[in-house]
Amino acid sequence: MVGLLQRHHWTPHSRFLDHEPAVPRNVDARQLYRTKGKPRYIFANRTDDRFNSDSSIDTPAIRQRILTDKPGEDLYLNSTVWKGAEHSPYQVSIQHKIANRRNPEKNTKDILPETQRRARIEVTITGSDTLNERDLTTLDDLGSVSFRKLTKPFLSFKIAEIEPLQHLLDDAQAQMRTRGVYGIELRNRARALEKRNEQKRAGQQLERNNDREGHGLQSWREMNDVAGKALDELQRRWKGFSWA
């Protein structure tokens, strides 16, 4: 389940960039594995551009980052995948929950037995303006909002549609192992843009520009249905809550 969440979670890149972070790169998908020290980006910096987001495919240096021939690094258990900048209006974390009561100052934690370890995905929405837009001003308001609408589109899952060409299938399999649909979508878009640029340089008729977020992905209906039902149950519980 941890692997499914890591590889199939999807949120449009623009939603993390809406608030115009000082460093757009900080919104990109990255994994924190405790024994590795600092977060490791899903697409490592292979170019001189350490500022722009993975989604800035109009930038040649970013396309070079996205279309690298080097395989991505393994996705680990006992790790957290982050999307969205720290302290931004929206952030998503995908976790392998193996411990409770963590105390960083004392460096202590309660390790959970194998039967209680679980996958967890969290959507954090913060900031008064952001919350007001969703009709949230007090805790009591959580009892009157739709949790499905509240988390859309930050809690959704996708699967990839791949053209039946062997080199594309091989690349998609490699991307799914280390980068998931996050990597497949970006490579689809970057590859299509490179092809149009080659046609332009050759004086050929350009293919239609159908670039869009989510290119080559479709909804994983079954997984989204499971998540939706879980949100409905959480909403049902909050309906009975009153701060008074």
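**Entry 1: the E1 sheet**

I began with strand E1 and found that two bridges join E1 to strand E9 (residues 156-160), the two running antiparallel. The model I am reading is a predicted one. I looked up Trp10 and noted that its bridge partner in E9 is Ser156.

I then asked in what order the strands of this open sheet lie. I read the order as E1-E9-E10, three strands with antiparallel pairing. Strand E1 (9-10) and strand E10 (217-219) each have a single partner strand and stand at the edges, so one side of each is left without a neighbour in the sheet.

**Entry 2: helices on that sheet**

Next I checked which strands H7 touches. H7 packs on the sheet and touches E1, E9 and E10. I noted about 60° between the direction of H7 and that of E9. Helix H8 (residues 221-239) lies across E9 and E10, and I noted that H8 runs at about 170° to E9.

**Entry 3: H7 itself**

I looked up the length of H7: the helix has 22 residues and reaches 32 Å from its first C-alpha to its last. That span is close to the 32 Å expected at 1.5 Å a residue. After H7 comes Gly203, where I noted a positive phi, near 70°.

**Entry 4: H6 against H7**

I turned to helix H6 (residues 166-178) and helix H7 (residues 180-201), whose axes come within 6 Å and cross at roughly 140°. Angles over 145 degrees would count as roughly antiparallel; I therefore entered H6 as oblique to H7. I recorded the crossing of H6 and H7 as right-handed.

I listed the residues that make the contact. From H6 they are Leu168, Asp171, Ala172, Gln175, Met176 and Thr178. From H7 they are Gly180, Val181, Gly183, Ile184, Arg187 and Arg191. I sorted the contact of H6 with H7 by class and entered five nonpolar, four polar and three charged residues.

I added a general remark beside the list: an α-helix has 3.6 residues a turn, so residues three or four places apart point the same way.

**Entry 5: strand E2 and its partners**

Last, I looked up strand E2 (residues 30-33). Two bridges join E2 to strand E3 (residues 40-41), and these strands run antiparallel. E2 also pairs with strand E4 (residues 79-83) in the antiparallel sense, over four bridges.

Which residues stand opposite Arg30 in E3 and are its bridge partner in E4? In E3 I found Tyr41 opposite Arg30, and in E4 the bridge partner of Arg30 is Trp82.

How values were computed. Residues are numbered from 1 along each chain as its sequence is written. This is a predicted model: local features need pLDDT of at least 70, side-chain atom pairs count only at pLDDT 80 or more; totals for chains, interfaces and linings use all residues. Side-chain values use heavy atoms; hydrogens and water are left out. Axes are lines fitted to C-alpha atoms, for helices over the stretch in contact, and angles run from 0 to 180 degrees between N-to-C directions. Angles under 35 degrees count as roughly parallel, over 145 as roughly antiparallel, 65 to 115 as roughly perpendicular and the rest as oblique. A crossing is left-handed if the near helix is turned anticlockwise from the far one by less than a right angle, and right-handed if clockwise. Contact means heavy atoms within 4.5 Å. Ala, Val, Leu, Ile, Met, Phe, Trp, Tyr, Cys and Pro count as nonpolar, Asp, Glu, Lys and Arg as charged, and the others, Gly among them, as polar. Two strands pair if DSSP finds at least two bridges between them. The expected span of a helix is 1.5 Å times one less than its number of residues.
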